[in-house]
Amino acid sequence: MKTIGFVGLGSMGLPMAINLGKAGFAVTGFDLRAEARQALQAAGAEAAGSLAEAFAGRDAVVLMVVNAAQAEDILFGQAALPQLAPGGVVILMATCPPAAVAALAARVEAAGHKLVDAPVSGGVVGAEAGSLTIMAAARRPVFAAVKPVLDAMGSKVVFMGEEPGQGATAKAVNQLLCGAHLAIAAEALSLAEKLGVDTTAMLDIVSGSAASSWMLRDRGARMLEREPRVTSAVDIFVKDLGIVLEAGRDAKAALPMAALAHQLFLSVSGRGLGARDDSQVIAAYRAMQGRDAT
């Protein structure tokens, strides 16, 4: 694997593509936004003018897109897949429903290519640092071939199995915990606000105690900011927790905490705040307490 196409140069995709270039891969990236393509080019990689150009003759292409529907449209609706080198690999790194990944993999393989199911965790910070956790599922030889590519973007690459969808399943479990941790952290800090506790001091206490979690430490300070930097939007968790609940429904597994967290994110999105940082799930609690959340 030497030549890599990369589609989706967002807040995570751009640094991931840049890290591939730093690792010695020849990267050609595409995004609908001209400023994203320009940023990639400024970092020393090649910016493609079209999807076809990003795929053309590449050994592999990374899809860091919004969802499975977008991946399907790129590969088949816009006919980018045939542009890959013969036997080329599609590395799907978006968070998608496991069943959708399996169905997409079958179509990719029928077209003579391979698909690696490789969702990530670690957010913008992990993408920039090259320290993402990557949950990968593919046939063993395919996984071995793409592992250097994955290693360039993540510090922890975990093989989840040979069946596409197994990586997506692991990501669903991960997102259940992330969403629930965010929601309960917001509940605790909103209670501190309601009781008139110094929230900065309270955050310092819980961040270093047995009550802490990674999500609290990473998002807690932004929950207390009026207009925090967006590293992952509220609507991302609306989508991801929806995938969690879909997986639970298919397995007939009751997921009451995931369902409650989903409703909280939905309530914030429904108030027109879906593009805000996901730490702003705290707005759901402020609204319930009659406080301004806008």
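These notes go through the cores, aromatic pairs, salt bridges and one loop residue of a predicted model.

1. Main core. The largest nonpolar core is made up of 36 residues. Those with the most contacts inside it are F6, M16, L20, I91, M93, L150 and M153. Helices and strands both feed this core: β1 (3-7), α1 (13-22), α2 (34-42), β4 (60-63), β5 (89-92), α6 (123-129), β8 (132-137) and α7 (140-151) each give it at least two residues. The largest share, 5 residues, is that of α7. In soluble globular proteins, nonpolar side chains tend to be buried together.

2. I91 and the second core. Setting aside neighbours within four places in sequence, I91 is in contact with A60, V61, V62, L63, V116, A118, V146, V149 and L150. Apart from the main core, there is a second, separate one of 28 residues, which includes C178, A186, A258 and A261.

3. The tilted aromatic pair. The structure has 2 aromatic pairs. In one of them, the ring centres of F143 and F159 are 5.0 Å apart; the planes are at 50°, so the pair is tilted. F143 belongs to helix α7 and F159 to strand β9 (residues 154-161), so the pair ties together parts that are 16 residues apart in sequence. F143 has a relative accessible area of 8% and is therefore buried, whereas F159 has 22% and is therefore partly exposed; the cut-off for buried is under 20%.

4. The stacked aromatic pair. F237 and F265 form a stacked pair, with 5.1 Å from centre to centre and 20° between the planes. This pair links distant parts of the chain, as F237 is in helix α11 (residues 234-250) and F265 is in helix α12, 28 residues apart. Both F237 and F265 are buried.

5. A charge over a ring. The charged end of R107 sits over the ring of F76, at 3.9 Å from the ring centre.

6. Individual salt bridges. The whole structure contains 14 salt bridges. One of them joins the side chains of K147 and D151, at 3.0 Å from N to O. Both residues lie in helix α7, 4 residues apart, or about one turn of the helix. K147 is partly exposed at 29% relative accessibility, and D151 is partly exposed at 37%. Another salt bridge is formed by R33 and D31, at 3.2 Å from N to O. Here R33 is partly exposed, with a relative accessible area of 36%, while D31 is buried at 11%. D250 and R249 also form a salt bridge, with their closest N and O atoms 3.2 Å apart. In that pair D250 is partly exposed at 49%, and R249 is exposed at 58%.

7. The salt-bridge network and S279. Salt bridges link D218, R219, R222, D277 and D278 in a network. Two members of this network, R219 and R222, are also touched by S279. Not counting residues up to four places away in sequence, S279 touches L182, M223 and P228 as well. S279 is located in the loop between α12 (256-273) and α13 (282-288). Its relative accessibility is 0%, so S279 counts as buried. The side chain of S279 makes a polar contact with the side chain of Q280, at 3.0 Å.

Terms used
Residues numbered from 1 in each chain as written. Predicted model: local features only at pLDDT ≥ 70, side-chain atom pairs only at ≥ 80, totals over all residues. Heavy atoms only, no water. Buried < 20%, exposed > 50% of the residue type's maximum accessible area, 1.4 Å probe, protein only. Polar contact = N/O pair within 3.5 Å; in protein donor to acceptor, adjacent residues only side chain to side chain. Contact = heavy atoms within 4.5 Å. Core = buried A, V, L, I, M, F, W, Y, C linked by side-chain atoms within 4.5 Å. Phe/Tyr/Trp six-rings, centres within 6.5 Å; stacked < 30°, edge-to-face > 60°. Lys NZ or Arg CZ within 6 Å of the ring centre and 35° of its normal. Salt bridge = Lys/Arg side-chain N within 4 Å of Asp/Glu carboxyl O.
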